[in-house]
Amino acid sequence: MSELIRLESIVKSFDDTVVLNGINLSVAENEFVTLLGPSGCGKTTTLRIIGGFERPDEGRVFFDGKDITNMPANQRPVNTVFQNYALFPHMTVGENIAFSMRVRNKPESYIKDKIKYALKLVNLDGFDGRRIDQLSGGQQQRIAMARAIVNEPRVLLLDEPLGALDLKLRQEMQYELVRLKKELGITFLYITHDQEEALTMSDKVVVMNEGYIQQEGTPEQIYDEPVNAFVADFIGDSNILPGQMTDEKLVRINGVDYPCIDGTEQGFPPGRLVDVVIRPEDIDILPYGQGQFNGTIISKLFIGVHYEMLVQSEDGNIEWLLQNYDQHDVGEKIGMKVDPENIQIMHKPKSEAESARELDL
Amino acid sequence: MIAKKRFAVPFIIWIIAGTVIPLASIAYYGFTSRSGGFTFANITAMFQHDHMQALGLSLLLALISTVICLVLAFPMAMVLRGSKYGKQGFLIFVIILPMWMNFLLRTMAWQVLLERQGVINSILVAMGLPRQEMMNTPGAIVLGMVYDFLPFMILPIYNTVSKIDNHLIEASYDLGASRVKTFTSVVLPLSVPGIVSGVTMVFIPALTTFVISNMLGGGKINLIGNIIEQEFTVNSNWYLGSGLSLVMMVFIIASMLLLQKFDKTGGENLI
Amino acid sequence: MRKIFGRVYVVIIMLFLYLPILALIVLSFNEAKSMSVWKGFSLRWYEELFHSKLMVQAIANTFSIAILAALIATIIGTLAVLGLAAMKPRTETVLMGFNNIPMLNADIVTGIALMLFFLMFHWPRGYLTVLFSHTVFCIPYVILSVKPRLNKNTDKLFEAALDLGASERYAFRKIVLPELRPGIMSGFLLSFTMSVDDFIITYFTRGAGINTISTLIYSQVKVGIRPSLFALSTIVFVTALVVLVAVNLRQKRIDAKQAY
């Protein structure tokens, strides 16, 4: 896959607030890349810089090897699906889709065919005469997609396109987006604060916080091997605990030693203070006394497929978050164990900003 | 990105020529004597007996009219709020319609009704009752003010009252409040912005009018507006007129500031 | 009980608002000049009204000033909204403060202030000074109606148009202007009615030779009310009625269409 978009040390501030702190990012042709992060992390600004709606203070934007940093938005070979869609309210669905083609003075017969094709693609055949306010949220979302793709952009920028939809529709649209991307064969650069969306759809996830890229990688890498506590915490419910390496590939948490798969080779020599991530579904429940450590269930929630439990360690120092398919009662004493490959050792950040800067280097 | 600063250039010129310089010229004339020197005489002229009397009467009549408008308007706004959609539209239409008639004609209508040879007196005479002297009294002026300005009180109050969420009122009942309690501690506080803009829209024109007092007061009752108008149109003493206007503006600004204290939204409901 | 009280109250207010107008309408058809004697139906006061050169001239002045003032105010006001949006919030607040002055200030003060301004700069008072003064008090209304239409959403739509390849000019014409149009229209209509309705500011800024309907009424009332003014009242009332009904019906049709 060849590189299509490259950001080189992008810096951007608004009124003395630095929102982007030197972003480097590469997006390959035909890739589905997601920028993931909490609001205010800089992901939208990054997208707007690529779309041409903001100029970076420093750094360059390359498209297909060409510097487009100063190219106006209306000349860039990218199109955007806006948050809340930005459909033109005084135009019909057909007129909205036709807009970019009319701007380019395409013949009306061509426009007509294209509208038909685009509506078919988003499963809204025959909607061209409808007014925008007659559409449901999900339909508006599809029209926004249709409008953005008729111009055959090489990259589609999607700014939290599912943010305004309810849960069920959002899940449906996730499949729809993946299907669309396959059919169109173009690059998607997607923005969201929803980790589930990011993990299910993307080829590559870029986690951002406070204007820095925290980690980029495949969804599996991000989920299984978060590089720091922020990523681990943001990507899902986790047990993030302070620990210390006591021996080669042995970490001590709350007085108990656990074998793990990281050691000196990975930068965690014995004696080093570390953070440890253990996913709630990776903790196995055993009868009392038969696991690596014991605890008492102090609360239990049924959340659909599985149960979520809070378990207090016997000395009362920590609470573990567990997810399990089996039912256990509150007050029950249980034993627990974690397999070595499910223990993720991370460097301890000195402070959040410092750790971010370190990662950026 | 749509916006370009230079688009505002004509607007800024208009503000300077139409608002800033004219207001500055009132200040200039107000502090200048006829011979051209600096003076406070035009300001202190307000303390002359005639002027004080006119100012006092203006404040009194404006206050009375405002209170009457408020008392009449609030029940009307509540009735409007409680009406069904179609009827509501009709009632609002009926209230707006008189506003579209030139207010001189509306004021004239009361002159026709109240005059010695007017409609009401001829009805009284036909019924064998004695003629009443109704024109040229402060009462007639108040009546004219209330008639002219009442819609300006009803509409802003209705605007805020209609936006009060019914759930709030139900919640108040649910929590055990009586009708009266609900009105005084839920409805009334929430309608303050509407009341404030309604009061502004009635009190200031009433305080500064010279037309209503001229038409229904027969030129015999002078309000501060009449005094100022005469200085400009009859006596051509712009210096004195400006000085008195400055004093009147102090009262306008003071009443606005006072009202603003009640309304934390900052006068957004003014139209 | 509450309902009955409400109804009675509405009827009382209606009578208060409309009886005086009704009296004028009835008297306008009275053959007699008296306000107290009915001498039979006649249209003579309507004839007198339309034969009055002064009145016809005043009507022409009123409407030509209103249309021109509303037009100028709408152009300057709409441009101002676009200009203000590009300014720093502080500058914008200051300018909006000045913008609100003519609207909040008492008309008599605005009137004499403008009169002094014309006197100071030896601008002979007449048609043009009235027109200028009317634009001064109309612009705030235009700005207040157009400004809310230009918001974050308009920005987004503008960006969307650029994103789809439109030039700034094209995006402005095809997207921004249609978004602002309802505000521009209501600003124009508001200005027009404010201008037609104005008396006080016109009174101070007109020259001796020029009258609008308002100033003519005032000067005639001062001399003594003639029934031709009742005829004028009737015409004004009926016109307002017809216009408002038409506007309301049109709005209903639009609402109905939207409901479908």
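Select helix α3 (residues 53–84) and helix α8 (residues 168–197) of chain C in this predicted model. On the α3(C) side, the residues that meet α8(C) are C:Thr62, C:Ile65, C:Ala66, C:Ile67, C:Ala69, C:Ala70, C:Ala73, C:Thr74, C:Gly77 and C:Thr78. Their partners in α8(C) are C:Leu180, C:Ile184, C:Gly187, C:Phe188, C:Ser191, C:Phe192, C:Ser195 and C:Val196. Colouring this contact by residue class will show eleven nonpolar residues, seven polar and no charged. With the side chains hidden, the geometry may be followed along the two axes, which come within 8 Å and cross at roughly 145°. The crossing of α3(C) past α8(C) is right-handed.

Next, remain in chain C and select helix α5, residues 107–120. The end C-alpha atoms of this helix are 20 Å apart, which agrees with the 20 Å that its 14 residues should span at 1.5 Å a residue. Is α5(C) enclosed or open to its surroundings? Twelve of its 14 residues are buried, so the helix is largely enclosed by the rest of the structure. The buried residues run through C:Asp107, C:Ile108, C:Val109, C:Thr110, C:Gly111, C:Ile112, C:Ala113, C:Leu114, C:Met115, C:Leu116, C:Phe117 and C:Phe118. Following α5(C), pause at C:His122, where phi is positive, near 50°.

Now display chain B together with chain C. Their contact takes 66 residues from chain B and 63 residues from chain C. To find the largest share of the chain B side, select helix α1 (residues 9–30) of chain B, which provides 13 residues. By class, the side of chain B that touches chain C has 48 nonpolar residues, 14 polar and four charged.

Then turn to chain A and its contact with chain C. Here 15 residues come from chain A and 14 residues from chain C. Within chain A, select β6 (78–81) and α2 (93–103), each of which supplies at least two residues of the side that touches chain C. The largest share of that side, three residues, belongs to α2(A). The side of chain A that touches chain C divides into seven nonpolar residues, seven polar and one charged.

Finally, colour chain A by its two domains. Domain 1 covers 3–224, and domain 2 covers 237–360. Placing a marker at the C-alpha centre of each domain of chain A will show a separation of 38 Å.

Conventions. Residues numbered from 1 in each chain as written. Chains lettered and ligands numbered in written order. Predicted model: local features only at pLDDT ≥ 70, side-chain atom pairs only at ≥ 80, totals over all residues. Contact = placed C-beta atoms within 7 Å. Helix = DSSP H or I, 4+ residues; strand = E, 2+ residues; numbered from the N terminus. Nonpolar A, V, L, I, M, F, W, Y, C, P; charged D, E, K, R; others polar. Expected span 1.5 Å × (residues − 1). Buried ≥ 20, exposed ≤ 12 C-beta atoms within 10 Å, placed from the backbone. Axes fitted to C-alpha atoms, helices over the stretch in contact; angles between N-to-C directions. Left-handed = near helix turned anticlockwise from the far one by under 90°. Domains from an automatic or database assignment.
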